[in-house]
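Let us walk through the places where the parts of this assembly meet, starting with the two chains and then moving to the domains inside each one.

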Amino acid sequence: MAGALPLSKTQKLLHALYYMLLFIFAVFYLLPFWGAVTTSLKSSAEVFTTSPLSFPEKLTLEGYRAAFNHLKKPLLNSLIITAGGTFFSVLLGSICGYAFAQYRFKFDNVIFVLVVSAIFLPYQAILVPLFQTIRRLGLYDTVWGLILAHTAYGIPMMTLLFRSFYGDIPRCIVQQAMLDGYRPWAIYRRIILPSTKIATVTAVVFQFASIWNELLFSLVLTGYDAMPATVSLNQMMGTLAAEWNVQMAGSMWLALPILVLYIIMGKYLIRGYMAGSVAAT
Amino acid sequence: MPSVSIRNLTVAYNKGRTLALDNFNLDVEDGEFCVFLGPSGCGKTTALLCIAGLLVPTTGSIKIGDQVVISEDKKTFVAPQERNIAMVFQEYALYPSMTVRGNMSFALENKKYSKEEIERKVNSIASMLGIEQLLDRKPAQLSGGQRQRVALGRALVRDPSLFLLDEPLGNLDAKLREQVRFELKRIQRRLGVTTIYVTHDQTEAMTLADRIVLMRDGKVVQEGSPKDLYHKPINTFVAGFVGTPRINFLTCDVSVKEGRPYFAFGQSALPGSQALAVTLNGKSCVVGIRPSDFMLVDTTEPEAIKGKVEVVEPLGDEIVVHFTAEDQLLVGKFSAADEEKVNERIAVKVDPDKLHIFDAETGDRIDG
Ligand SMILES: Nc1ncnc2c1ncn2[C@@H]1O[C@H](COP(=O)(O)OP(=O)(O)OP(=O)(O)O)[C@@H](O)[C@H]1O
Ligand SMILES: [Mg+2]
């Protein structure tokens, strides 16, 4: 790695200004989060007597315990639904993206536009037919019903995303693999997937976060058995109206997997992976 | 038996507005080293892609060995995977996620070679190309010239029935290029594999080829041995493309004196071969003179062309002299031993049989 170029005086001043602005914004955005954290660590009694932003006088995990008891099953449901929905939507979207990016076939552009236009279907517009379909399939209030819904809803976006990632792979690389004797499926597994790990990681993070946080489908397609954590937390707001510490602790439980995911996957989100495979033009 | 036969190959792009290949015909003999030579955009890569099966031509048929790989009616089409062709792409096309070793063994793995055999083949080709210390690197960690050698090595480890090499030496420095060129020719001789090699560098074409196919605008202009193209170019395009320094062209009016044609330009006249006297009398034509066909003579010599020396380029055992005669800039190549004869002014002569005569309008060669 080459070092950065030295900065001039004005540039340094500008940098200082940028950082000050960034700091102010950061404080602004983190304040509610700070409030949630402190409240979640207070006892139910303390919540009423102190300001939401003050540091707890006595740290307690009471709220977390109560929230977890309430959210245990929904959290597990969420985990299964999100893992399944992410896996299938990323896998199928990636295969579709590969076909659209690297192969030409009859009506390919028409089909692509049809698939991708589904991204612009408003969520609410498909709610009723979706509910009816899932119920007819006997999947109402099962994790499979939500996995199916999220997979179907995720495929267009994933197809668009993967097509653009895979479109950046020069055609000659795929052609070379063909001459080396490999069929499309083997090329997908041995060349395309390993060369675009960042794309997959990006897609997984994106899908995981959106399915995990999703509320509307979950409300409509589940009753009690398969209820995901977002719905359950929402219900808590109604039933445990006064216990702010438990509610905030519940939010923390819900935010935790996403946080962990970002921390683990973050290091893979580096650029420049494709560099060097083709002649610079 | 020809190893590759191409008939009436046409590739049209942009709904027929661009003809990348225009009724291209070719037979490459078994074991031959065939070079496609031509300016940028003349359809060289397009022809290779058709042979490899990566591009379906608009019309035409191709046979490899005794197998039709694409028929005129397109009912027969052999997939690229089945053609057993090793190709080096102009853009290298290295697999970004694999190491150099992985890149080079990828095709062999598919053919169920044993681990030891793959290892042995990869190592021997890698050391020949001077990339053995790079085997565990990824393509992103290589320089352009190293990548190009990896791409070449990846083709050479295979046992194909046909090599297609698209400018495989374009990115190497002069010394390395010469060395790899020699190695390539040697391997090709040893393996006896039919090879089609694309370049726009005529020196490369001249040194490597058994046969050169000179192309322009998707058509074959002339094909033949390097000698054929050099000594008997069929038109001014071929004459100008092959040979370095570039051939000199002079537009002359022909007059016949005592049965001998004279090519007049300015106040000077070059005597031509008697065989052409009848055909050329009274016409105007283009005379091509190879720089090395100029002979230095004494400035007092009759019928010599006299010129003023502009620049002398010493090349070691040869010198290239740029001089003006009758307001025309000409180039001559002489032995360095003659350097003392090159002063401010020189006089040169040309053997009448070494002149290349072309029709002034069509540019086609005129032979006696
Ligand atoms: N995919 C394409 N779409 C449209 N036109 C194309 C396409 N590929 C090539 N062409 C055109 O076809 C002609 C021949 O291209 P080709 O790549 O075969 O040239 P080339 O001889 O290999 O040139 P170079 O020496 O620059 O590599 C060019 O005029 C080019 O613009
Ligand atoms: Mg080309």
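Between chain B and chain A, this predicted model has 11 residue pairs in polar contact, with both partners at pLDDT 80 or more. On the chain B side, the elements that give two or more residues to this interface are helix H1 (44-52), strand S6 (85-88), helix H2 (100-110) and helix H4 (144-156). Of these, H2(B) gives the most, with 4 residues. Sorted by class, the residues of chain B that touch chain A comprise 18 nonpolar, 4 polar and 7 charged.

How many salt bridges does the rule find across the interface of chain B and chain A? There are 3 salt bridges between these chains. A salt bridge that you can look up in the viewer joins the side chains of B:Glu109 and A:Arg190, at 2.9 Å from N to O.

The contact between the chains draws on 29 residues from chain B and 23 residues from chain A. Together the two chains bury about 2500 Å², and carbon and sulfur atoms account for 57% of that area. In chain B, the residues that lose the most area to chain A are B:Gln81, B:Pro96 and B:Phe106, which together make up 26% of what that side buries.

Now for the inside of each chain. The domain assignment splits chain A into domain 1 (10-47) and domain 2 (62-280), and chain B into domain 1 (4-236) and domain 2 (245-359). Here are the three interfaces side by side.

| Interface | Buried area | Share on carbon and sulfur atoms |
|---|---|---|
| Chain B and chain A | about 2500 Å² | 57% |
| Domain 1 and domain 2 of chain A | about 730 Å² | 68% |
| Domain 1 and domain 2 of chain B | about 500 Å² | 63% |

In chain A, the C-alpha centres of the two domains lie 30 Å apart. Their contact takes 10 residues from domain 1 of chain A and 9 residues from domain 2 of chain A. Which three residues supply the most of the area that domain 1 of chain A buries against domain 2 of chain A? They are A:Ala36, A:Ser40 and A:Ser44, with 52% of that area. The count of salt bridges between these domains is 0, while 4 residue pairs are in polar contact, both residues at pLDDT 80 or more. Helix H1 (9-40) and helix H2 (44-49) of chain A each supply at least two residues of the domain 1 side, and H1(A) has the largest share, 5 residues. By class, that side holds 5 nonpolar, 4 polar and 1 charged residues.

In chain B, 39 Å separate the C-alpha centres of domain 1 and domain 2. The contact there involves 7 residues from domain 1 of chain B and 6 residues from domain 2 of chain B. On the domain 1 side, B:Tyr230, B:Pro233 and B:Thr236 lose the most area to domain 2 of chain B, together 85% of what that side buries. Between these domains the count is 0 salt bridges and 1 residue pair in polar contact, with both residues at pLDDT 80 or more. Helix H7 (residues 226-231) of chain B contributes 3 residues, the largest share of the domain 1 side. That side has 4 nonpolar, 3 polar and no charged residues.

Technical notes. Residues numbered from 1 in each chain as written. Chains lettered and ligands numbered in written order. Predicted model: local features only at pLDDT ≥ 70, side-chain atom pairs only at ≥ 80, totals over all residues. Heavy atoms only, no water. Domains from an automatic or database assignment. Contact = heavy atoms within 4.5 Å. Buried area = accessible area lost by both parts, 1.4 Å probe. Salt bridge = Lys/Arg side-chain N within 4 Å of Asp/Glu carboxyl O. Polar contact = N/O pair within 3.5 Å; in protein donor to acceptor, adjacent residues only side chain to side chain. Nonpolar A, V, L, I, M, F, W, Y, C, P; charged D, E, K, R; others polar.
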